Amino acid sequence: MTDTKRFFTDRILTWNRAHNDRNMPWKNEKNPYFIWLSEIILQQTRVEQGRPYYERFISAYPTVNDLAKAPEEEVFRLWQGLGYYARCKNMLAAARSISAAGKFPDTYEGIAALKGVGAYTAAAIASFAYNLPHAVLDGNVYRVLARYFGIDTPTDTTAGKKLFTALANDVLPENQAGIYNQAIMDFGAVVCKPQQPLCKTCALAPHCEAFQKGLTDLVPVKSKKLTIKKRYFHFLLLEQNGMVWIRKRTAKDIWQNLHEFPLVETPAPADLDALRQTAGFQQLVPPKTKALEPGVQLRQQLTHQTIHASFTRFSLSPDFSLPADYMLVPAGQLEKYAFPKIITDYLQR
Ligand code: SF4
């Protein structure tokens with residue numbers, strides 16, 4: 001290891017000894033099941049949002065066997081609001097495979113083979129639970145490494161991933177992988193922040209390329225810009241004798257396996273008159289059925305999509321029926337089903 005690299009690693013560890021106070025319930029945890037749960041929950045989720053879910057999950061399922069035995073619908077309900085439901089499905093599949101194997105895997109390769117576990121999560125579990133020498137690479141680590149070493153190779157390219165993976169493993173200290181991995185992520189979150197990093201008081205500043213050359217706003221570099229798609233969802237609350245029509249979303253799309261009210265999606269904003277002209281609406285609501293009240297508009301921001309949703313209530317005549325993939329459930333028992341956040345937000349109003 002070069003002197004610049006050794007300086008980097010030593011300063012990160014020294015900083016951590018003085019600042020190991022980022023309060024997270026899974027920190028310093030050694031139980032691989034708890035670490036794995038926290039890492040799955042935190043994929044694409046902020047720490048503050050993930051914390052209550054983590055606590056609910058370990059209280060409902062104290063062991064991986066408890067989670068493996070749980071009915072899918074119950075686990076989905078506990079997950080409700082976290083989004084990215086494929087994560088929940090993979091988590092349950094992984095819990096069942098661990099339970100069938102009789103123990104949590106204790107090698108990097110065994111952990112990486114679990115469903116829903118990528119390179120970052122495998123390195124985090126392997127190092128936190130077993131102190132195995134695998135460096136984590138998340139957004140915080142990319143940023144700290146790119147700035148300190150002054151690297152402008154885009155982090156989202158194959159070449160960038162290779163370069164940063166090699167560098168991250170090169171600066172990993174011997175026998176301290178778990179502590180160091182947590183330390184560098186904390187350092188990125190608290191000191192080398194995306195905006196306004198605390199360079200003036202940073203212990204790495206004397207050798208930090210980005211700071212020395214005034215490049216902190218320019219690295220790390222990404223090659224692709226995130227494109228956000230707008231979607232227009234029109235949920236129809238079709239009531240019939242105290243019952244409501246719902247169905248399970250089975251298509252490979254957002255919210256797969258969750259439930260929803262009958263839905264018409266339009267390529268552009270549409271009011272009720274425009275909606276009535278669509279084939280989707282005409283299949284679900286008989287002609288001339290009046291809306292019970294003005295529609296409610298809600299919006300949800302996902303990472304790659306903005307959902308503009310409207311909710312409109314209708315009362316259907318008792319003899320009308322929907323296609324076979326819909327089911328009629330008592331209006332008072334909707335809480336038994338897992339819905340996307342935007343629908344639970346509507347129901348809570
Ligand atoms: S000096 Fe600034 S840019 Fe460099 S590592 Fe420290 S906080 Fe980050």
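These legends go with a handful of close-up views of a predicted model.

**View 1. The chain splits into two domains.** The domain assignment puts residues 3-212 in domain 1 and residues 229-348 in domain 2. Measuring between C-alpha centres, you get 38 Å from domain 1 to domain 2. Where the two touch, domain 1 puts in ten residues and domain 2 puts in 15 residues.

**View 2. Here is the contact between domain 1 and domain 2, with a look at what gets covered up.** Together the two domains bury about 910 Å², and 50% of that is on carbon and sulfur atoms. On the domain 1 side, keep an eye on Glu-73, Gln-80 and Tyr-85: these lose the most area to domain 2, and together they make up 49% of what that side buries. Looking for salt bridges between domain 1 and domain 2? The count is zero. What you do get between the domains is three residue pairs in polar contact.

**View 3. Helices H5 and H6 sit on the side of domain 1 that touches domain 2.** Helix H5 covers residues 72-79 and helix H6 covers residues 85-101, and each gives two or more residues to that side. H5 gives the most, with four residues. Sort the domain 1 side by class and you find three nonpolar, three polar and four charged residues.

**View 4. This one picks out the span that UniProt labels "domain: HhH-GPD".** The label comes from an unreviewed UniProt entry and covers residues 41-190. In the model, that stretch is 68% helix and 0% strand. Its end C-alpha atoms lie 21 Å apart.

**View 5. Arg-247 and its partners are shown close up.** Arg-247 is in strand S2, which runs over residues 243-248. Its side chain makes a polar contact with the side chain of Asp-325, at 2.9 Å. Setting aside neighbours within four places in sequence, Arg-247 is in contact with Leu-258, His-259, Glu-260, Asp-325 and Tyr-326.

**View 6. Arg-313 and Glu-239 form a salt bridge.** Side chains of opposite charge can pair when their charged atoms come close. In this pair, the closest N and O atoms are 2.7 Å apart. The bridge links distant parts of the chain: Arg-313 belongs to strand S6 (residues 305-315), Glu-239 belongs to strand S1 (residues 229-240), and 74 residues separate them. The salt bridge count for the model comes to 16.

**View 7. Two backbone oddities turn up in loops, at Pro-220 and at Asn-257.** As a rule, most residues other than glycine have a negative phi, and most peptide bonds are trans. The peptide bond from Val-219 to Pro-220 is cis, with omega near 0°. You'll find Pro-220 in the loop between helix H12 (209-212) and S1. Asn-257 isn't a glycine, yet its phi is positive, at about 80°. Asn-257 is in the loop between S2 and strand S3 (259-260).

How values were computed
Residues are numbered from 1 along each chain as its sequence is written. This is a predicted model: local features need pLDDT of at least 70, side-chain atom pairs count only at pLDDT 80 or more; totals for chains, interfaces and linings use all residues. Side-chain values use heavy atoms; hydrogens and water are left out. Domain bounds come from an automatic or database domain assignment. Contact means heavy atoms within 4.5 Å. Buried area is the accessible area (1.4 Å probe) that two parts lose on being put together, summed over both. A salt bridge is a side-chain nitrogen of Lys or Arg within 4 Å of a carboxyl oxygen of Asp or Glu. A polar contact is a pair of N or O atoms within 3.5 Å; within protein, one must be able to donate a hydrogen and the other to accept it, and residues adjacent in sequence count only if both atoms are side-chain atoms. Ala, Val, Leu, Ile, Met, Phe, Trp, Tyr, Cys and Pro count as nonpolar, Asp, Glu, Lys and Arg as charged, and the others, Gly among them, as polar. UniProt positions are given in the numbering used here, feature names are shortened, and annotations may be inferred rather than shown by experiment.
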